[in-house]
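Good morning, and thank you for making time for this presentation. I would ask you to keep the sequence and the three-dimensional view open while I speak.

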Amino acid sequence: METGEFTTPEGNKLRYYCTGAGNRTFVLLHAQGTSSESYFEVAKQLGKTAKVILIDCYGHGGSSHNAELYQLDKIGDDIHSLLQHLTSRKITLVGHSSGGLIAAYIAAPYPCCKKLILEAPPFFASFGERRFKTYNYLDLSTVCHEFLHQTQEQDFVLYYFSHQYAWNSFPEKDRERIREKLTQNARKYRAKHPDKPLKVLFWPKAALEAFKGMNEYDPHFGEAFYTDSFHAQINYETLLQKITCPTVFLKAETNIGEDGIQMCALTEEDAIRVSNLIPECRIVHFPCGHGIHVEKKKEFLKILQEQ
């Protein structure tokens, strides 16, 4: 896989990766907290018959870490400039979670997209008052905010592991004991393998996927979701209505906790709302969690290869 770096006129840098060759071009935009590494296995398969471009968003991987850049419009416009630099072809643009928000932003005004694949992006749920009762806000956004306002722990990966919202799913009587034990294991692993994605014995494999790329994640990006500045006051209804290319919305399972916390990116009603706003959009449901391309890789690849 080839690695490149694009510099904007303002001096901001976007790291990208290219692999494969063919008549089709796929562009993959990762979720918050990870990096292009999250899509490497998918790219390896797609690259057998197509050209694949993966891009680290600002605040992630090898791209610029600068809190002033962590807004949807700034990221989207600069990634579009990078795509103009890399290819004159129409692309199939794929975005996961926050990467899906960015993909939609690019597809709406710019004519570069042949197809758009949205993997569980949190339209409507991740901003305004509603965000306060979502998993992302209570998990990554809040952990980023609290990490930036403390000085005791300097390792964000370790801090996130020990403070993530997932601990609330453990029985209360055993929670602190288990957290202390597994955090000790995580600390030992980090000391021995500081440059590798975190691995913790007994922690679910799908959950550990969230740590791929977290070594190079800037928690100020999560702070932008905490303060609601990431969305730059963009009206998503208007944005979605401007998307003219055929779109597939990949919907993970809807999961609402007993306390009313929205554990998924979007509800079924939200997904239907997105589908109704985009002129040509179909919804494909997956019986899994947020990381569809990880938990249902074969089915995910089938959707992409049909495009």
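How many helices and how many strands are there in the protein chain? The chain has twelve helices and eight strands. Its radius of gyration is 19 Å, close to the 19 Å from the globule rule for 307 residues, so the chain is as compact as a globular protein of that length. I should state at once that this is a predicted model, and that the values I quote are computed from it.

Let me continue with the chain as a whole. Along its principal axes, the C-alpha trace spans about 55 × 40 × 35 Å. Of the 307 residues, 55% are buried. Among the contacts with a separation of 6 or more, 68% are between residues 24 or more positions apart. The accessible surface comes to about 14,200 Å², and carbon and sulfur atoms hold 49% of that area. As for charge, there are 35 positive and 37 negative side chains, and the centres of the two sets lie 8 Å apart.

I turn now to the strands, beginning with strand 3, residues 25-29. Five of its five residues are buried. T25, V27 and L29 point one way from the strand, while F26 and L28 point the other way. Which strands does strand 3 pair with, and in what sense? Five bridges join it to strand 4, residues 51-55, and the two run parallel. Four bridges join strand 3 to strand 5, again in parallel. L29 takes part on both sides: its bridge partner in strand 4 is I55, and in strand 5 it stands opposite G95.

Strand 5 covers residues 91-96, and six of its six residues are buried, so it is largely enclosed by the rest of the structure. Both of its faces are covered: I91, L93 and G95 lie on one side, and T92, V94 and H96 on the other. Strand 5 also pairs with strand 6, in the parallel sense, over six bridges. In that pairing, the bridge partner of L93 is L116 in strand 6.

Within strand 4, I would draw attention to L54. Is L54 buried or exposed? L54 has a relative accessible area of 0%, and therefore counts as buried. Leaving aside neighbours within four places in sequence, its contacts are M1, R15, Y16, Y17, L28, S36, Y39, F40 and A43. L28, one of these contacts, is a residue of strand 3. For a sense of distance, the C-alpha atoms of L54 and F225 are separated by 23 Å, with their positions 171 residues apart along the chain.

F225 brings us to the helices, since it is among the buried residues of helix 8. Helix 8 runs over residues 219-226, and six of its eight residues are buried. These are P219, F221, G222, E223, A224 and F225. What do they pack against? They pack against helix 2 (72-86), helix 3 (98-107), helix 4 (135-148) and helix 5 (156-163).

Helix 5 has seven of its eight residues buried, so it too is largely enclosed by the rest of the structure. The buried residues are F156, V157, L158, Y159, Y160, F161 and S162. Their cover includes helix 4, helix 6 (172-192) and helix 8.

Finally, some remarks on backbone and loops. Just after helix 8, D228 takes a positive phi of about 75 degrees. Further along, Q233 lies in the loop between helix 8 and helix 9 (236-241). Q233 is not a glycine, yet its phi is positive, at about 60 degrees. Its relative accessibility is 84%, so Q233 counts as exposed.

The loop between strand 6 and helix 4 holds F124, another residue that is not a glycine and has a positive phi, of about 75 degrees. Why does F124 count as buried? The reason is its relative accessibility of 7%, given that buried means under 20%. E129 is found in the loop between strand 6 and helix 4 as well, but at 66% relative accessibility E129 counts as exposed. The C-alpha atoms of E129 and G61, 68 residues apart along the chain, are separated by 30 Å.

That concludes my presentation, and I welcome your comments.

Conventions: Residues numbered from 1 in each chain as written. Predicted model: local features only at pLDDT ≥ 70, side-chain atom pairs only at ≥ 80, totals over all residues. Heavy atoms only, no water. Buried < 20%, exposed > 50% of the residue type's maximum accessible area, 1.4 Å probe, protein only. Contact = heavy atoms within 4.5 Å. Rg over C-alpha atoms; globule rule 2.2 N^0.38 Å. Areas by Shrake-Rupley, 256 points an atom, 1.4 Å probe, with all protein chains shown as cover. Lys, Arg positive; Asp, Glu negative; His and termini not counted. Charge placed at Lys NZ, Arg CZ, Asp CG, Glu CD. Pairing = 2+ DSSP bridges.
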